[in-house]
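Subject: Handing over the model

Hi,

Here is the structure I promised to pass on to you. Have a look at it first, and then read my notes underneath.

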Amino acid sequence: MDDEPSAGFRRPRIEGSPEPDVRARAARFRASCPGRVITAAKPDGSRRDDYLGPIRGAWKAWSTDPEIRHTGSSGGTITALTDHLIGQGEIVAAVAAGQESPRRTVPVSITTREEALRAAGSRYAPVAAGGRSTEGVGAVVGKPCEVMGRRQLDTARGAASPILLSFFCAGTPSQEATDSLLEREGIGRSEEVEDLVYRGRGWPGDFSARTHDGRTVSVDYASSWGAALGPTVQWRCRLCADGVGESADVTAGDFWEADERGYPAFGDAAGVSALIARTDRGLRLVQDAVAAGRLHIEPMDIAALLGVQRYQVERRKYMLGRIVGNRLSGGHNPRYRGFGLVRLVRKSPVRVLHEIRGTIVRASKRRAL
């Protein structure tokens, strides 16, 4: 991957000379890259939900460690599972703020609790979590597209995947959005910071940064994600049918309280995760972490989760409209397999037509930039 984001995002590049088996490698790429193909996961023993994907077990959950629960994005469950895995001698690949430049997000290998805490919390910025640095590790924490790519690559080459942990994702914002938000709050683009978090340290937690001379800025979640970061999510993410980490062994997401309209209530509180085990291996991992005293779990009402994760429901329900609109406007789409997108159209055909028209308009505006 490029060391510096291109136009605010990271893009792949070829390094070195092609190996003799270039045709085989190209075939594996075509079979595994989530930019080319997206395959719905159907692991043995799980039931499939139209919007959440495979479910082997599902709970409301949080870390029993108060520091991990406070530092994590919601209940700290992914950090708690990471802490559990490194306690068993595993190395976990994840991402964290760069130590030299916390404005940037970088891949890391986690072997200690302190490293797990430094990597806790969301990073709403471009980073490659699923590359060569994950070879030989026991577990990988990544975005849904990254764990899907890793799972599909391992399948294509006949290899076993490490434990794959993921989270609900609304897309990757541009690095430019982070720099612009800092600039708006009075921290210049050439000014380094010694600490930057997008959320966590409370639930949902604020975007906050601290400069080397002790100045601090803080922006609430709705204003940072909703107004500054979210609108810059890259186009490919707008066409993603899997924002819920279907290919992972375990996926976590926010389980907000909802108001009478079904909208999330973003009042600061102790974090609660929706935790979904998708495979037998994921189920055993959660059960082991509970038995070890690292996780607290409670039964979860799937319908209630769908009620507060409206974006994930709606992106799946209307995704066919975006795909068709993008294609009609001259764009290219990945191949989508097994998501039942055509069947979901029947639930809201008029809205899907609106999505087609809206996507064509947005694609035209992108080309005009």
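Pro34, Ile38, Pro144, Cys145, Met148, Arg236, Cys240 and Asp242 line the largest cavity. Please keep in mind while you read that this is a predicted model. The volume of that largest cavity comes to about 30 Å³, and the structure holds 1 cavity of 30 Å³ or more. With 3 residues, α5 gives the most to its lining.

Helix α5 spans residues 144-156, and Ala156 belongs to it. Is Ala156 buried or exposed, or in between? Its relative accessible area is 37%, so Ala156 counts as partly exposed. Leaving aside neighbours within four places in sequence, Ala156 is in contact with Arg28 and Ala31. Ser74 is another matter: Ala156 and Ser74 are 82 residues apart in sequence, and their C-alpha atoms lie 34 Å apart in space.

Now to the sheets. One open sheet has 8 strands with mixed pairing, and its order is β6-β5-β7-β8-β12-β15-β4-β16. At its edges are β6 (105-110) and β16 (295-299), each of which pairs on one side only. From one strand to the next, the twist averages 30°. Helix α3 (residues 77-87) packs on this sheet and touches β4, β5 (92-97), β6, β7 (139-141), β8, β12, β15 and β16. The direction of α3 makes about 160° with that of β8. A further helix, α9 (residues 280-291), lies across β4, β8, β12, β15 and β16, and runs at about 115° to β16.

Strand β12 is a good place to zoom in. It covers residues 250-254, and 5 of its 5 residues are buried. Which way does β12 run relative to β8 (residues 163-167)? The two are parallel, joined by 3 bridges, and the bridge partner of Leu165 in β12 is Val250. With β15 (residues 273-277), β12 pairs in the antiparallel sense over 5 bridges. On that side Val250 has Ala277 in β15 as its bridge partner, while Thr251 stands opposite Ile276 in β15.

Ile276 also turns up when you look at the packing. In soluble globular proteins, nonpolar side chains tend to be buried together. Here, the largest nonpolar core has 39 residues, of which Leu52, Ile276, Met300 and Leu305 touch the most other members. Two or more residues of this core come from each of β4 (57-63), α6, β9, β10, β11, α7 (221-229), β15 and α10 (302-308). Apart from this core lies another, of 26 residues, among them Trp59, Ala96, Val141 and Ala277. As for Ile276 itself, what does it touch beyond its neighbours within four places in sequence? Its contacts include Leu52, Met300 and Leu305, along with Phe168, Val250 and Thr251. Pro54, Ile55, Gly57, Ala58 and Asp249 are in contact with Ile276 as well.

Another open sheet has 3 strands in the order β9-β10-β11, and the pairing is antiparallel. Its edge strands are β9 (193-197) and β11 (216-219), with each pairing on one side only. The twist in this sheet averages 5° from one strand to the next. Strands β9 and β10 (residues 207-211) pair in the antiparallel sense over 4 bridges, and Asp195 has Arg210 in β10 as its bridge partner. Helix α6 (residues 175-184) packs on this sheet, where it touches β9, β10 and β11. The direction of α6 makes about 70° with that of β10.

One last residue to check in your viewer is Leu117, which lies in helix α4 (residues 113-118). Why is Leu117 called buried? Its relative accessible area is 15%, and buried means under 20%. Not counting residues up to four places away in sequence, Leu117 touches Glu67, Ile68 and Thr71. Gly72 is 45 residues away from Leu117 along the chain, and the C-alpha atoms of the two are separated by 8.0 Å.

Happy browsing, and write back whenever you like.

Best wishes

Definitions and conventions. Residues numbered from 1 in each chain as written. Predicted model: local features only at pLDDT ≥ 70, side-chain atom pairs only at ≥ 80, totals over all residues. Heavy atoms only, no water. Buried < 20%, exposed > 50% of the residue type's maximum accessible area, 1.4 Å probe, protein only. Pairing = 2+ DSSP bridges. Contact = heavy atoms within 4.5 Å. Axes fitted to C-alpha atoms, helices over the stretch in contact; angles between N-to-C directions. Core = buried A, V, L, I, M, F, W, Y, C linked by side-chain atoms within 4.5 Å. 1 Å grid on protein atoms, 1.4 Å probe; cavity = no way out; pocket = protein on both sides within 12 Å on 5 of 7 lines; lining within 4 Å. Points joined across faces, edges and corners; volume = space filled by probe spheres on them.
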